[in-house]
Amino acid sequence: MDDELDDLYQDIILDHHRRPRNRGRMEEPSSTGEGFNPLCGDELTVFLKMEGDKIADVKFIGQGCAISQASASLMTLRVKGKTIPDARATIADMKSLLLSESEPPIAVAERVGDAIALKGVRKFPARVKCATLAWHALEAALAGSGKVSTE
C-alpha cells in the first residue's frame, strides 16, 4: 500500500498542490469552463484568454483535494501557448493516461510532460475523477463556456 501512496502523491503532485501555477482569477477571459466533482466536492473554474486559435493565457480557481488542484496546475502548464487542436490532443492524451488500464505509449508520456505524475491515480478509481476534473473544465472552456460534472 505504501508504494501505491508513493505513486499517488509523488513529489511533483505535492509541489503543484502546495505551489499551484497559474492559480487566480482572470480579468476579462475569452471563455470559462466550470467543473464539479459531486463525489468529493472538488470545484474548478478554468479561464482562457485566446488570441485567435492560440491559448495566450490560462488560469484556474477552485477548491478540492491535492490531486484535483495539482492536476489543474499541471494542466495550465501543458496548454498555455498551444493551439486549440493541440490543447484538445493533450486532453485526449490525459484521458488516455488516466482512464486506460495499460501503460501509456511512450509518445503519450512524452507529450503530457510532468503531468505523467498523475498516472498513479489509476490505481485509485475514486480519485481518477479528481485528476480529470481540470481537463473536463478545460474542454468546457474550449467549447466556449459551460459547466461539466464528473458524474
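Me: How much area does the chain expose, and what share of it do carbon and sulfur atoms supply?
Reply: Accessible areas come from the Shrake-Rupley method with a 1.4 Å probe, and for residues only the protein chains shown count as cover. In this predicted model, about 7300 Å² is exposed, and carbon and sulfur atoms supply 49% of it.

Me: What should I know about numbering and confidence before going further?
Reply: Residues are numbered from 1 along each chain as its sequence is written, and side-chain values use heavy atoms, with hydrogens and water left out. Local features need pLDDT of at least 70 and side-chain atom pairs count only at pLDDT 80 or more, while totals for chains, interfaces and linings use all residues.

Me: Which pattern do the helices and strands follow?
Reply: Helices (H or I, at least four residues) and strands (E, at least two) are DSSP runs, numbered from the N terminus. The chain has six helices and four strands, in the order α-α-β-β-β-α-α-α-α-β.

Me: Why does the radius of gyration agree with a compact globule?
Reply: The radius is taken over C-alpha atoms, and the globule rule is 2.2 Å times the number of residues to the power 0.38. For 151 residues that rule gives a value near 15 Å; the chain has 14 Å, so the two agree. The C-alpha atoms fill a box of roughly 45 × 35 × 30 Å along the principal axes.

Me: Which residues touch the most other members of the largest nonpolar core?
Reply: Nonpolar side chains tend to be buried together in soluble globular proteins. A nonpolar core here is a set of buried Ala, Val, Leu, Ile, Met, Phe, Trp, Tyr and Cys residues joined through side-chain atoms within 4.5 Å; buried means under 20% relative accessible area, exposed over 50%, and partly exposed in between (1.4 Å probe, protein chains only). In the largest core, of 37 residues, L48 and L138 touch the most other members. Elements that each supply at least two residues include β2 (42–51) and β3 (54–63), and α6 gives the most, with 10 residues.

Me: What does L48 touch?
Reply: Contact means heavy atoms within 4.5 Å. Leaving out residues up to four places away in sequence, the partners of L48 include M26, I55, V58, L138 and L142.

Me: Is G64 buried or partly exposed, and where is it found?
Reply: G64 is found in the loop between β3 and α3. It counts as partly exposed because its relative accessibility is 37%. Not counting residues up to four places away in sequence, G64 touches D42 and Q69.
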